[in-house]
Amino acid sequence: MKKTLMRFLAPVFVLWLVPSCSTMAADFNLVAREMSRMLMNGHYARLPLDDDLSKRIFSDFIGDLDPSRLYFEQSDIDILEKKYATKLDDLLLSKESIGDATEIYEKYRTRVAERAAVVKELLDDHEFSFVTDEFIEQDRENAKWPVNAAEAKDLWRIQLKEALLGETLRRQEIARRAKEQGKENPLEDQPLAKEKISQRYERFFKTIETTDEEDIANYFLSAVARAHDPHSEYFSESEMETFKIGMNNSLVGIGALLQMNEGAAEIQGLVVGGPADRGGDLNVKDRIVGVGQGKDGEMVDVMYMKLQKVVEMIRGEKGSIVRLNVNPANAEDP
């Protein structure tokens, strides 16, 4: 499902900015401590930095890394929770939190690499059957963590099966519409469905491989901010630059609040009066899976692409056109 929008407003992907100290020196331990002090003293909730808040920070951090519970195993969570859940508050104030956040992230990175190998194996060698009845849990936010590698592999088998089925049905629908309209199938020369799905996951896995200290600090400090309330957010230096560009109105967007969900940029809200709101075609929970610049620009698959990169692709000069490939929230099929 494609939408065409004229750009007028800057894209919004956080609700409010919580001021943080400069990251120019790249001392993220100091950033973490000063930010924690600012939140304790300046946030309206005035929450104490204690074990209860530490548990929330830990839970949010783990949830941000693995929202669908497909990478960590239950034993990982048990070990990490015992070691860090009530310790992060002390680490934040002692300027020693980023090293421990990095240790948690490295366990996540290890599991991602293991799952990447599983995905490659399944897509290369497994024959997926679409004639058997199987159940997939769409919202895994509160699902159980896989007990071991074998259970994780089966979860990924089902995830890939759904992704392949969705991609196949999408292609069939596009081919049907093209035939009805007497046009050539625009996907005729596209890679096979399996290859397309493989490319999406490879893109995501590579982003994890190349994560640096700033990325890890961004994940962790965002969890610290949101542990105080869901509308508080931490901006990394690169995100702050993006925010400044938006405020200067040199480049503008569609007027939508975006958040990554299951590998797609999901619309969380629409700016009243913005192009997305005025157009009436986009709705909350719609998922942007492709972005094309101008009337004829190539539609780029943005699944598993970093949110900031998706926002940059949507943004452009005022009055210019951006085309979106959208999976509607209320559609049964992509």
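A good place to begin is aspartate 286, which sits in the loop that connects α10 (275–279) with β4 (287–293). In this predicted model, the residue has a relative accessibility of 3% and therefore counts as buried, the cut-off being under 20%. Once neighbours within four places in sequence are set aside, the contacts of aspartate 286 include Ala265, Glu266 and Ile267, together with Asp281. Further along the chain, aspartate 286 also touches Val326, Asn327, Pro328 and Ala329.

Stepping back to the whole protein chain, the secondary structure consists of eleven helices and six strands. The chain has 334 residues, and 45% of them count as buried. Among contacts with a separation of 6 or more, 73% join residues that lie 24 or more positions apart. As for the surface, about 17400 Å² of the protein chain is exposed, and 51% of this area is supplied by carbon and sulfur atoms.

Confidence in the prediction can be followed along the chain as well. The mean pLDDT of the protein chain is 82, with 86% of its residues at 70 or more. Of the elements in the chain, helix α3 (residues 74–84) has the highest mean pLDDT, at 97, whereas strand β1 (residues 2–6) has the lowest, at 50. Over residues 6–25, pLDDT stays under 50. For this stretch, the model has 78 contacts beyond four places in sequence.

Key. Residues numbered from 1 in each chain as written. Predicted model: local features only at pLDDT ≥ 70, side-chain atom pairs only at ≥ 80, totals over all residues. Heavy atoms only, no water. Helix = DSSP H or I, 4+ residues; strand = E, 2+ residues; numbered from the N terminus. Buried < 20%, exposed > 50% of the residue type's maximum accessible area, 1.4 Å probe, protein only. Contact = heavy atoms within 4.5 Å. Areas by Shrake-Rupley, 256 points an atom, 1.4 Å probe, with all protein chains shown as cover. pLDDT = per-residue confidence, 0-100.
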